[in-house]
Amino acid sequence: MKRALLVAALAAVSCKVNLTPEGISKAYRGIKEARKDLTPENEYYVGRAVATNILAKSNYKYRDESGFSSGKLEGMTAYVNAVGNVVAMASLETPHDGDRPTPLAGWHFVVLEDKTINAFAAPGGYIFVTAGAIEQAGNEDELAAILAHEVAHVRRGHALGSIKKSRMAGVMKEMLDSSVELDKQALGTLTEAFDGAMDDMMDSLLVKGYSRDTEFEADSVGLEIMLKAGYDGSAFVSYLKKLNAHQATGSGGFSATHPKASDRISKLEKKVAKAPKVTVPKARINRFKAAVLGVE
Ligand SMILES: [Zn+2]
C-alpha cells in the first residue's frame, strides 16, 4: 500500500502540478503559514508534488522502476530503502522541538541514475540519492550518513521552510477555507500560488540550496540520528572528506547547494570525537559489497 502512493508520484507525467483541485487546496491550506499548520496529510500532498518535479527533472531515470510498481523492491534500491528506513526510525528517537511528524505514507528512498554526487529530500519523506553519491560511499556507514542528513532535512521541515512568505500574501482567506467551493478564477489563483511554492522549494533543493546554518543543522541532527541507529559517526566525516577532495576538482551536484565540505567537517569533528566507537560487524560490510558493488 505504501508503495502504491509513491507509484502515483513516480507514474505522474512531467507537469508542474499533477494534483487534483482538492489536493492542491488541501496542500495549500497547509502551507499557507509555512510549517505551522501543516498536517501530515498536507505534507504528503506537497511532498508528492515536489517528488514528481524532481523525477521529471531527472528524466524519470531511477533504479528499479518495476520494484516500485510491484511493491517488491530489488537490488540496490531495496538495500538503500532498508538502510534508509532504519535511519528514519532512529530519527524518531532523537526528537527536537518543531520536528515534522512521521510521513503519512512512510519513507521512500529513490536511487537516481545519475553519476553526479547528489542527494535531496522532498517533504513527506521522499528522499532521492544519486548512484554517483552511493558509489562514492565505501561502506554502509557512509551511506547511512548521506541518508541521515536527508532524513534530518525532512524531520526539520527545511524544504517547507523555504517557501517565500510573500507567496502566501496574495491568496484570499476564503480560498483556504475548505467549506468554500472554489470558482474557476479562485482555483486558478490557488494553483498559481501552489506552483510558486513548488518553485521556491525546487529552487532550494536543486539550484540555490538552503542557508549554511540550515545545512549545518542537517549535519548535526543527521549525525545524532545515525549514531542512534548504531552507525559509526566517523563515517560521516570520512564521507565528507571524499566530498572535499571532489569539490577541489569538480563542481555541480551537491557542491552547488551545500557549504564547503571542509567547513562541514570542522563543525562536526568535535561531536564525532565524543561519539562512542563502533565496531562495524562483518555482515554489514558484506551486505554493502553485495548490494552496491555486486560482490558476493
Ligand atoms: Zn543538505
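Which residue in S3 is the bridge partner of Ala-122? In this predicted model, the bridge partner of Ala-122 is Tyr-126, and the two strands concerned, S2 and S3 (residues 126-130), pair in the antiparallel sense over 4 bridges. This pairing belongs to an open sheet of 3 strands, which are arranged in the order S1-S3-S2 and whose pairing is mixed. Strand S1 (108-112) and strand S2 (119-122) stand at the edges of the sheet, where each has a single partner strand, so that one side of each is left without a neighbour in the sheet. From one strand to the next, the twist averages 20 degrees. Helix H7 packs on the sheet and touches S1, S2 and S3, and the direction of the helix makes about 30 degrees with that of S2.

The helix that packs on the sheet also takes part in the nonpolar interior. The largest nonpolar core has 74 residues, and those with the most contacts inside it are Val-87, Val-129, Ala-144, Leu-147 and Met-226. To this core helix H7 (residues 140-155) gives the most, with 9 residues. When the neighbours within four places in sequence are left aside, Leu-147 is found in contact with Val-83, Gly-84, Val-87, Phe-109 and Ile-127.

A further element to consider is helix H11 (residues 212-228), for which the expected and the modelled lengths can be compared. The helix has 17 residues, which at 1.5 Å a residue should span 24 Å, and because its end C-alpha atoms are 24 Å apart, the two values agree. Several residues of H11 are buried, among them Glu-215, Asp-219 and Glu-224, together with Ala-218, Val-221, Leu-223, Ile-225 and Met-226. The cover over the buried residues of H11 includes helix H5 (75-91), H7, helix H8 (158-161), helix H12 (234-249) and helix H14 (261-274). After H11 comes Gly-230, whose phi is positive, near 95 degrees.

One acidic residue outside H11 was also examined, namely Asp-200, which is found in helix H10 (residues 184-208). Asp-200 counts as buried because it has 20 C-beta neighbours inside 10 Å, and 20 or more such neighbours are required for a residue to be called buried. Although Asp-200 and Leu-160 are 40 residues apart along the chain, their C-alpha atoms are separated by 9.0 Å.

Technical notes
Residues numbered from 1 in each chain as written. Predicted model: local features only at pLDDT ≥ 70, side-chain atom pairs only at ≥ 80, totals over all residues. Core = buried A, V, L, I, M, F, W, Y, C linked by C-beta atoms within 7 Å. Buried ≥ 20, exposed ≤ 12 C-beta atoms within 10 Å, placed from the backbone. Contact = placed C-beta atoms within 7 Å. Expected span 1.5 Å × (residues − 1). Pairing = 2+ DSSP bridges. Axes fitted to C-alpha atoms, helices over the stretch in contact; angles between N-to-C directions.
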